[in-house]
Amino acid sequence: TDERLTGGLTRYQYRIMSTYKLTYFNARGRAELTRLVFAQAGVEYTDERLTWEEWSARSPQTPFGVIPVLEVDGKQLGGSHVIARYVAEKHGVAGSNDFENALIASILDAVSDMEQQLHPWWFEKDETKKAELLKDLTENTIPAALANIEKFAAGNKDGWLVGSKLTYGDLCVFNTLDFLSACVHLPTILDKFPALSQLKKNVENQPNIAKWI
């Protein structure tokens with residue numbers, strides 16, 4: 001293989017590179033973290049975005065009947081956080097050791113717990129009840145969750161949540177903060193969390209992330 005056609009990779013490296021297809025809806029949702037990991041790593045993949053009708057026909061063919069699904073050389077992997085971690089570990093966006101990876105996983109669990117508490121508000125149809133739910137979220141649930149994550153950012157002099165480099169934990173928190181600002185309409189949510197505010201800027205300033213967002 002001519003190295004001019006493989007980006008300078010050796011024949012061996014080119015031959016063993018995996019092919020990826022990430023399948024989800026045409027939305028950010030539970031696939032966006034993996035998309036951010038792919039973007040940061042500079043790894044090519046097929047970003048398959050299904051309509052609801054297409055998904056209904058495809059659902060029985062997936063591991064757990066839900067998406068996202070990552071196809072790696074024809075083999076399927078389910079679970080949004082599992083997929084993100086797999087890609088991160090394969091392409092240098094994970095922690096530097098087992099303990100760092102465990103810390104990152106704990107942060108993702110905390111973010112997931114907070115996001116679960118957004119669901120009643122998100123799906124509520126009654127506008128009065130929806131406003132009450134949002135008030136509780138903005139005054140109690142979200143600040144409490146962010147205060148815990150703020151400790152990780154404030155305690156790391158390198159500007160990241162865990163370790164000395166950007167990881168998929170940073171991308172997860174960045175994605176959630178962006179969602180809170182844009183979709184939950186909380187543009188000032190980070191005013192009381194300076195370390196998380198700086199973390200968000202640090203992620204945004206990564207060249208590959210800047211191209212993606």
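**Close-up views of a predicted model**

**Figure 1. Buried residues of helix 9 in the predicted model.** In helix 9, the buried positions are Ala 195, Leu 196, Leu 199, Lys 200, Asn 202 and Val 203. Viewed down the axis of helix 9, these residues fall within an arc of 160°, so they line one face of the helix. Among the elements that cover them are helix 7, helix 8 and helix 10 (207-212).

**Figure 2. The contact of helix 8 with helix 9.** Two packed helices are described by the angle between their axes and the distance between the axes. Here the axes of helix 8 (residues 168-182) and helix 9 (residues 194-204) come within 10 Å and cross at roughly 105°. Helix 8 is therefore roughly perpendicular to helix 9. On the helix 8 side, the residues that meet helix 9 are Asp 170, Leu 171, Val 173, Phe 174, Leu 177 and Asp 178. Their partners in helix 9 are Leu 196, Leu 199, Lys 200, Val 203 and Glu 204. Seven residues of this contact are nonpolar, four are charged and none is polar.

**Figure 3. The two faces of helix 5.** Helix 5 (residues 98-116) has 19 residues. From its first C-alpha to its last, helix 5 reaches 27 Å, close to the 27 Å expected at 1.5 Å a residue. Its buried residues are Glu 100, Asn 101, Ile 104, Ile 107, Leu 108, Val 111 and Met 114. Seen down the axis of helix 5, the buried residues fall within an arc of 135°, so they line one face of the helix. An α-helix has 3.6 residues a turn, so residues three or four places apart point the same way. The face turned away from the buried side of helix 5 carries the exposed residues Asp 98, Phe 99 and Asp 113. The cover over the buried residues of helix 5 includes helix 2 (32-41), helix 4 (80-90), helix 7 (127-154) and helix 8.

**Figure 4. Two buried residues of helix 2, Glu 32 and Leu 36.** Glu 32 lies in helix 2 and has a relative accessible area of 7%, so it counts as buried. Leaving aside residues up to four places away in sequence, Glu 32 touches Asn 175 and Trp 212. Leu 36 also lies in helix 2 and is buried, with a relative accessible area of 1%. With the same sequence neighbours left out, up to four places away, Leu 36 touches Leu 171, Phe 174, Asn 175, Ile 209, Trp 212 and Ile 213. Leu 36 and Val 162 are 126 residues apart in sequence, and their C-alpha atoms are 17 Å apart in space.

**Figure 5. Backbone details in three loops, at Pro 68, Asp 73 and His 185.** Most residues other than glycine have a negative phi, and most peptide bonds are trans. Ile 67 and Pro 68 are joined by a cis peptide bond, with omega about 20°. Pro 68 is found in the loop between helix 3 (52-58) and strand 3 (69-72). Asp 73 is not a glycine, yet it has a positive phi of about 50°. The loop that holds Asp 73 runs between strand 3 and strand 4 (75-78). Asp 73 is partly exposed, at a relative accessible area of 44%. His 185, in the loop between helix 8 and helix 9, is another residue other than glycine with a positive phi, near 60°. His 185 counts as exposed, with 58% relative accessibility.

Methods:
Residues are numbered from 1 along each chain as its sequence is written. This is a predicted model: local features need pLDDT of at least 70, side-chain atom pairs count only at pLDDT 80 or more; totals for chains, interfaces and linings use all residues. Side-chain values use heavy atoms; hydrogens and water are left out. Axes are lines fitted to C-alpha atoms, for helices over the stretch in contact, and angles run from 0 to 180 degrees between N-to-C directions. Helices (H or I, at least four residues) and strands (E, at least two) are DSSP runs, numbered from the N terminus. Angles under 35 degrees count as roughly parallel, over 145 as roughly antiparallel, 65 to 115 as roughly perpendicular and the rest as oblique. Contact means heavy atoms within 4.5 Å. Ala, Val, Leu, Ile, Met, Phe, Trp, Tyr, Cys and Pro count as nonpolar, Asp, Glu, Lys and Arg as charged, and the others, Gly among them, as polar. The expected span of a helix is 1.5 Å times one less than its number of residues. Buried means under 20% relative accessible area, exposed over 50%, partly exposed in between (1.4 Å probe, protein chains only). The arc is that of the directions from the helix axis to the C-beta atoms.
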